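Subject: Handover of a structure and its findings

Dear colleague,

Please find below the structure that I am handing over to you. I should be grateful if you would read the notes that follow with the model open beside them.

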Amino acid sequence: MPNLWYPKSASDRSGPMWESSLGAFRYTGIEKARVLFPRAITPETGALAAQIPSAIEANVGAVVIECAIEANVFSYNASGAGTANAVTRFVLFSVDGATQLFNLTDAVGAATGVRTITISPVVFLFPGIYYIFDCLSSGTTAPGMSHWTTTNNPFITGGTGEPDLEGVLTITGGAAPTTLDPTALTTPATSRTLCFRLDGTD
């Protein structure tokens, strides 16, 4: 689990915190979103571009979550049909890549349109920067999926030892790495940050 008791430790129960049934310490008294539409951290035009990931190359992009949310539903858009056996994978990583917040799959097949996946158990996300990862988990061809049309500028690639903001990552067999190295992305010529929606509990 991520460090959900920022900035205090779990052993310090003073202040506006409580322990939920999920076993995570979190703030009370902060505004919690019911729905969020995370945006790419890189400059983007607002238009969407279809990307078709594979089981050996994943798309990765940094996104900004602007408000706390206890997320229980993830949605994405299949803008073009894949093969009938297509299963997609989506992973949200912490900003340093050390923690997977969720790892979801969807047996999308040849369906198109907005797809929703239940996040179980629900995950509490603080405002901040995260990395979204998408790939073909299994099957022949993934659907085209809506990604932000970002401005591919020199700042997307970090300097030596600094994180990249968008790119592709070589993977094996449609599996996500346990951890993500944000400094090791390959900068693509096209947009690679997934457009997605998060819905949360009341």
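In these notes, two residues are in contact, or touch, when heavy atoms of the two lie within 4.5 Å. Please keep in mind that this is a predicted model.

Let me begin with F37, to which that definition applies directly. Leaving out residues up to four places away in sequence, F37 touches W148, C195, F196 and R197. F37 is found in the loop between β4 (35–36) and β5 (39–40). Is F37 buried or partly exposed? Its relative accessible area is 47%; buried means under 20% and exposed means over 50%, so F37 counts as partly exposed. The C-alpha atoms of F37 and V64 are 9.1 Å apart, and 27 residues separate the two along the chain.

I turn now to the protein as a whole. It has 16 strands and 0 helices. Of its 202 residues, 46% are buried. Among contacts with a separation of 6 or more, 78% are between residues 24 or more positions apart. The protein exposes about 9200 Å², and carbon and sulfur atoms supply 55% of that area.

The next subject is the nonpolar interior. The term "nonpolar core" stands for a set of buried residues of certain kinds, such as Leu and Phe, joined through side-chain atoms within 4.5 Å. Which residues touch the most other members of the largest core? They are F74, L125 and L198, in a core of 32 residues. At least two residues of this core come from each of β7 (57–65), β8 (68–80), β9 (87–93), β10, β11 (113–125), β12 (128–138) and β16 (196–200). The largest share, 6 residues, is supplied by β8. A second, separate core has 13 residues, including A58, V60, V91 and A176.

F74 deserves a separate look. Not counting neighbours within four places in sequence, F74 is in contact with F90, F102, L104, R115, T116, I117, I119, I132, L194, F196, R197 and L198. Two of these names, F196 and R197, also appear in the list of residues that F37 touches.

Now to charged side chains. Side chains of opposite charge can pair when their charged atoms come close. How many salt bridges does a search of the whole structure find? The search finds 4, and I describe three of them here, beginning with the one at D106.

D106 is found in strand β10 (residues 100–106). With a relative accessible area of 8%, under the 20% limit, D106 is buried. The side chains of D106 and R115 meet in a salt bridge, with N and O 2.9 Å apart. A polar contact of 2.6 Å also joins the side chains of D106 and Y76. Apart from residues up to four places away in sequence, D106 touches Y76, A86, V87, T88, R115 and I117.

The salt bridge between D199 and R197 has its closest N and O atoms 2.8 Å apart. Here D199 is buried, at 13% relative accessible area, whereas R197 is partly exposed, at 40%.

R39 and E44 form another salt bridge, in which the closest N and O atoms are 2.5 Å apart. R39 is partly exposed, with a relative accessibility of 34%, and E44 is partly exposed as well, with a relative accessible area of 23%.

What does a search for disulfides find? Across the whole structure it finds 0. As for individual cysteines, C67 is buried at 18% relative accessible area, and C195 is buried at 7%. C195 is also one of the residues that F37 touches.

Finally, I would draw your attention to E162. It lies in the loop between β13 (144–150) and β14 (166–170). E162 is partly exposed, because its relative accessible area of 46% falls between the limits of 20% and 50%. The C-alpha atoms of E162 and T183 are separated by 5.8 Å, while the two residues are 21 positions apart along the chain.

With kind regards

Notes: Residues numbered from 1 in each chain as written. Predicted model: local features only at pLDDT ≥ 70, side-chain atom pairs only at ≥ 80, totals over all residues. Heavy atoms only, no water. Helix = DSSP H or I, 4+ residues; strand = E, 2+ residues; numbered from the N terminus. Buried < 20%, exposed > 50% of the residue type's maximum accessible area, 1.4 Å probe, protein only. Polar contact = N/O pair within 3.5 Å; in protein donor to acceptor, adjacent residues only side chain to side chain. Disulfide = S-S within 2.5 Å. Areas by Shrake-Rupley, 256 points an atom, 1.4 Å probe, with all protein chains shown as cover.
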